[in-house]
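Subject: Structure for your files, with notes

Hello,

Please find the structure below. My notes come after it and can be read with the model open.

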Amino acid sequence: LKRMGQAPEIDHNAAQPGQLFWLVRNGAPAHLYPWNLIVGATAGLLAQTITYPLDTLRRHWQHSCAGPRSERPPTLRHCAELLYSEGKLGRFYAGIGLNMLKLVPEVFVLCGVYL
């Protein structure tokens, strides 16, 4: 709106729901087919690898807070220090192998859904 009191105008060039469906079905160029899946899977794997230690810390924090009050770490920083003292950086990446294995079927399912 340019001025107060002016009636809003509808943009008739905006994408309509039918056009959006067409874009989802036909928008990906066919000549990029295998590469867009490979790049997408690589990006997902990289993002998962970078954020996995934070997820491990979150799970450990939730698990420790469910126990008795005397065994709870007072802060999240203290929880991270406990994890580090238990196994250095390897403790933050515990279980990442199985988490990455689940990425392969996930990519196949998503590929089947979107193609």
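The notes below go from the whole chain to single residues and pairs.

This is a predicted model, in which local features need pLDDT of at least 70 and side-chain atom pairs count only at pLDDT 80 or more, while totals for chains, interfaces and linings use all residues. Residues are numbered from 1 along each chain as its sequence is written, and side-chain values use heavy atoms, with hydrogens and water left out.

Overall make-up

The protein chain has five helices and zero strands, so the order of elements from the N terminus is α-α-α-α-α. Helices (H or I, at least four residues) and strands (E, at least two) are DSSP runs, numbered from the N terminus. Of the chain's 115 residues, 13% count as buried. Buried here means under 20% relative accessible area, exposed means over 50%, and partly exposed is in between, with a 1.4 Å probe and protein chains only. The accessible surface of the protein chain is about 9,500 Å², and carbon and sulfur atoms hold 67% of that. These areas come from the Shrake-Rupley method with a 1.4 Å probe; for residues, only the protein chains shown count as cover.

A contact means heavy atoms within 4.5 Å. Taking contacts in the protein chain between residues at least 6 apart in sequence, 56% join residues at least 24 apart.

Helix 2: two buried residues

Gln48 sits in helix 2, which covers residues 33-65. Its relative accessibility is 14%, so Gln48 counts as buried. Apart from neighbours within four places in sequence, Gln48 is in contact with Asn99, Met100, Lys102 and Leu103.

Thr56 is also in helix 2, and Thr56 is buried at a relative accessible area of 5%. If residues up to four places away in sequence are not counted, Thr56 touches Leu83, Arg91 and Phe92.

The aromatic pair

How many aromatic pairs does a search of the whole structure find? It finds one. The pair is Tyr52 with Tyr93, and it is stacked, at 6.4 Å centre to centre with 20 degrees between the planes. For this count, rings of Phe, Tyr and Trp (its six-membered ring) pair if their centres lie within 6.5 Å; planes under 30 degrees apart are stacked, those over 60 are edge-to-face and the rest are tilted. Tyr52 lies in helix 2 and Tyr93 in the loop between helix 3 and helix 4, so the pair ties together parts that are 41 residues apart in sequence. Tyr52 is buried, with a relative accessible area of 5%, whereas Tyr93 is partly exposed at 33%.

Salt bridges

Side chains of opposite charge can pair when their charged atoms come close. A salt bridge is taken as a side-chain nitrogen of Lys or Arg within 4 Å of a carboxyl oxygen of Asp or Glu, and by this rule the count is five. Among them are the three described here.

Asp55 forms a salt bridge with Arg58, with the closest N and O atoms 2.5 Å apart. The side chain of Asp55 also meets that of Arg59 in a salt bridge, at 2.7 Å from N to O. Within helix 2, Asp55 and Arg58 are three residues apart, so about one helical turn separates them. Asp55 and Arg59 are four residues apart in helix 2, which again means about one helical turn. On accessibility, Asp55 is partly exposed at 25%, as are Arg58 at 39% and Arg59 at 34%.

The third is between Glu81 and Arg77, whose closest N and O atoms are 3.7 Å apart. These two are four residues apart in helix 3, and therefore separated by about one helical turn. Glu81 is partly exposed at 45% relative accessibility, while Arg77 is exposed at 66%. Salt bridges that share partners join Asp55, Arg58 and Arg59 into one network.

Helix 3 and what follows

Helix 3 has twelve residues and at 1.5 Å a residue should span 16 Å; its end C-alpha atoms are 17 Å apart, which agrees. The expected span is 1.5 Å times one less than the number of residues. After helix 3 comes Lys88, in the loop between helix 3 (76-87) and helix 4 (96-101). The phi of Lys88 is near 55 degrees, a positive value in a residue other than glycine.

Regards
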